[in-house]
Amino acid sequence: MYNTEFMLMSFEKPIQILVAEDDEDDKLLILKAFERSLPKENVTCVEDGEALLKYLKRIAPYDDLKKYPRPDIILLDLNMPRKDGREALAEIKSNDDLKSIPVIIFSTSNNKDDIRITYKLGSSSFITKPSSFEELVKITEEIENYWSKTVLLPG
Amino acid sequence: MRNIFPKWGKFKMKDEHKTSLRQVKIYSIVTLVLIIIGSGVSYWTSGRIDYFTKEVMQTSDVLQRTSELYASILERETNIRGYVITSNDEFLTHYYQSNIDADLLLAQLQELTEDNGQQQNNIAELKALIDTRVRVFDATIKHMQQHGDLVDFIDPSKVNNALIGYSLIKATVLRINEVENALFREKNNSLINNINALPLIVGLISIFSITIGLVTFFSIYQYNRAQKGANMEISRYQQKLRDQIHLLDDSNKELEQFAYVASHDLQEPLRKITAFSDLLNEQYSSILEGEGEIYLSRITAAAVRMRLLITNLLEYSRAGRIVDEQVKPVKLSKVITDMLEDFEISIQDKSAKITVETLPEVKGSETEYRQVFQNLISNSLKFSKPDFHPEIIINSETASPELVGRFSMLNPTLSYHLIKVSDNGIGFEKQYADRIFSIFQRLHGKKEYEGTGIGLAISRKIIEKNGGVIFAESSAGNGAIFNILLPFISI
């Protein structure tokens, strides 16, 4: 593990990911999975859509840019309390400052309507949560790999 | 559509309607006949009245003429007497006039009584008597004119003759009068009877017509009321049926929704069980001692199986959902050969021989029929006898009406295809023929044969949603036959 981290350090700058997930278990699993490919501080979490927008707009308690850096990509759950993923997505994509941030839908849903609607709203990918941890690790690695190495981000 | 009101109404109602309709028809015909008869009788009666009026007028005419004739005879007697006594010629003028009058009246009477023989005889008699009398008078006058008196003329022995002559005339006139009076009375009575009968006849017929009219009206009213009642009952039942269909639809949707949501939501914690088991296994398997590792693997295996069950349940809840765009004529032969091509490897693995004969075209969704036959064939391959090469034959024939009649779900007025999937596998005990189609029902242990027991349940749901039935026949060790009945495509 140490080695991985060291190797990553040698790259320019690791990708910054913001996860919006209300479920504590899922949050834990996602973080654990990302730990395999990213330093801990490069993955931050919020628990719902409302917190996500506060974070992005740097409204308290998310006004500390050091503690809460601007993400390169967002991993968004669809079913969340207060403001759900669809609303949050719509809001991000209608905000001039935020709409350039790629949003990856990461949900238990595989509903065709959800997929169609979120792509229409401007999401970049739609991923259904896998059932095993191994698959989850594979997915997080792919995300990290794709968004930090394969593609170029606005930064 | 099948008859949804098998028991109530139809027959009973039809009978009631028939009776009252027939009644109304009969009443109407009777009324019409009565009116025609009434009109006929009235017309006839008025004809009779007309006839008797003429007859009565004729007899009164005869009576009047007779009395006029008698008056003229009397006048003649008076005139001749006057002339004899006074020799005044003026009496003679009157006398001749009376003669002319009498002749004229006699001719008229003869004409009026043309149809009455008795009166003709009487009048002829009267005429003869008058003529005899007139001859005597004429002789008397002649004598008077020649001699100025009747001194030599009157024969005292013959005076009686003159009296008798006059009496005879009077008697004849009276007889004529009597006959004519009798006739008058008779005709007059008939006339009065007819006149009286007319209002009676018209009145009776009117009463009959009005009565029957009222009865008819009442029958029609009753018929209408009965029909209204029946219609109301029908619409009430239809409403009830619609409500029930609606309820059924709702509860079906709810059930599907329930199955979907339940299986969907069940996957959530399951996913975590699997994920955390994985994590535990990965990071702490070295720390787990003894049976700890086995328990962990048991947890993982159970979670995997549960996931399979949930996925199957989800699949089952979605199966057979009729999506109109997907319903079209499906060539079963093509669907099955395409499907078999995809499974060529597992078929070759088992050295199975699968024969697909000519199969019909049926209505439904291609993917769903593919699923049905895939389930049946994999079932047959799975339950093949260990030392035999599996042989599967799929063929089709037209189902006999007896077979169709055995299933209350089928419409006996339609034609059905009977599609058979027969194998030479291990078969099953007869008593399980129904159970194998229930969801998650298995006849064998999980270790012997894998699977959750969903395939046949899904197949049945699909076939039933397409208006068919599926049933199995077998006896242990003798292979199994899966029979599918599906309706002919209606043109």
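In the predicted model, A:Arg82 is placed in the loop that runs between strand 3 and helix 4 (85–93) of chain A. The backbone of A:Arg82 has a positive phi of about 55°, although the residue is not a glycine. A second backbone feature of chain A is found at A:Pro61, which belongs to the loop between helix 3 (49–56) and strand 3 (73–76). Here the peptide bond leading from A:Ala60 to A:Pro61 is cis, and its omega is near 5°. Both features merit mention because most residues other than glycine have a negative phi and most peptide bonds are trans.

The loops holding A:Pro61 and A:Arg82 fall within a span that is annotated in UniProt. An unreviewed entry lists residues 16–144 of chain A as "domain: Response regulatory". In the model, helix accounts for 40% of this span and strand for 16%. The C-alpha atoms at the two ends of residues 16–144 are 9 Å apart.

Chain A also meets chain B. The contact involves 16 residues of chain A and 13 residues of chain B. In chain A, the residues that lose the most area to chain B are A:Leu29, A:Ser131 and A:Phe133, which together make up 38% of what that side buries. The size of an interface is often given as the accessible area lost when the parts come together. For chain A and chain B, the buried area is about 1,300 Å², and carbon and sulfur atoms give 52% of it.

Charged and polar groups also take part in the interface. Between chain A and chain B, 4 salt bridges are found. One of the salt bridges joins B:Arg271 to A:Asp26, with the closest N and O atoms 3.2 Å apart. In addition, 5 residue pairs are in polar contact between the two chains, counting pairs with both residues at pLDDT 80 or more. On the side of chain A that touches chain B, helix 2 (24–35) and helix 6 (133–150) each supply at least two residues. Helix 2 gives the most to this side, with 5 residues. By residue type, the side of chain A that touches chain B consists of 4 nonpolar, 5 polar and 7 charged residues.

In chain B, the domain assignment gives domain 1 (10–224) and domain 2 (322–487). The centres of these two domains, taken over C-alpha atoms, are separated by 108 Å.

Further annotations of chain B come from an unreviewed UniProt entry. The record gives residues 24–44 and 197–221 of chain B as "transmembrane region". In the model, residues 24–44 are 100% helix and 0% strand, and their end C-alpha atoms are 30 Å apart. Residues 197–221 are likewise 100% helix and 0% strand, with end C-alpha atoms 35 Å apart. The annotation "coiled-coil region", also from an unreviewed UniProt entry, covers residues 102–129 of chain B. This span is 86% helix and 0% strand, and its end C-alpha atoms lie 12 Å apart.

Methods
Residues are numbered from 1 along each chain as its sequence is written. Chains are lettered from A and ligands numbered from 1 in the order in which they are written. This is a predicted model: local features need pLDDT of at least 70, side-chain atom pairs count only at pLDDT 80 or more; totals for chains, interfaces and linings use all residues. Side-chain values use heavy atoms; hydrogens and water are left out. UniProt positions are given in the numbering used here, feature names are shortened, and annotations may be inferred rather than shown by experiment. Helices (H or I, at least four residues) and strands (E, at least two) are DSSP runs, numbered from the N terminus. Contact means heavy atoms within 4.5 Å. Buried area is the accessible area (1.4 Å probe) that two parts lose on being put together, summed over both. A salt bridge is a side-chain nitrogen of Lys or Arg within 4 Å of a carboxyl oxygen of Asp or Glu. A polar contact is a pair of N or O atoms within 3.5 Å; within protein, one must be able to donate a hydrogen and the other to accept it, and residues adjacent in sequence count only if both atoms are side-chain atoms. Ala, Val, Leu, Ile, Met, Phe, Trp, Tyr, Cys and Pro count as nonpolar, Asp, Glu, Lys and Arg as charged, and the others, Gly among them, as polar. Domain bounds come from an automatic or database domain assignment.
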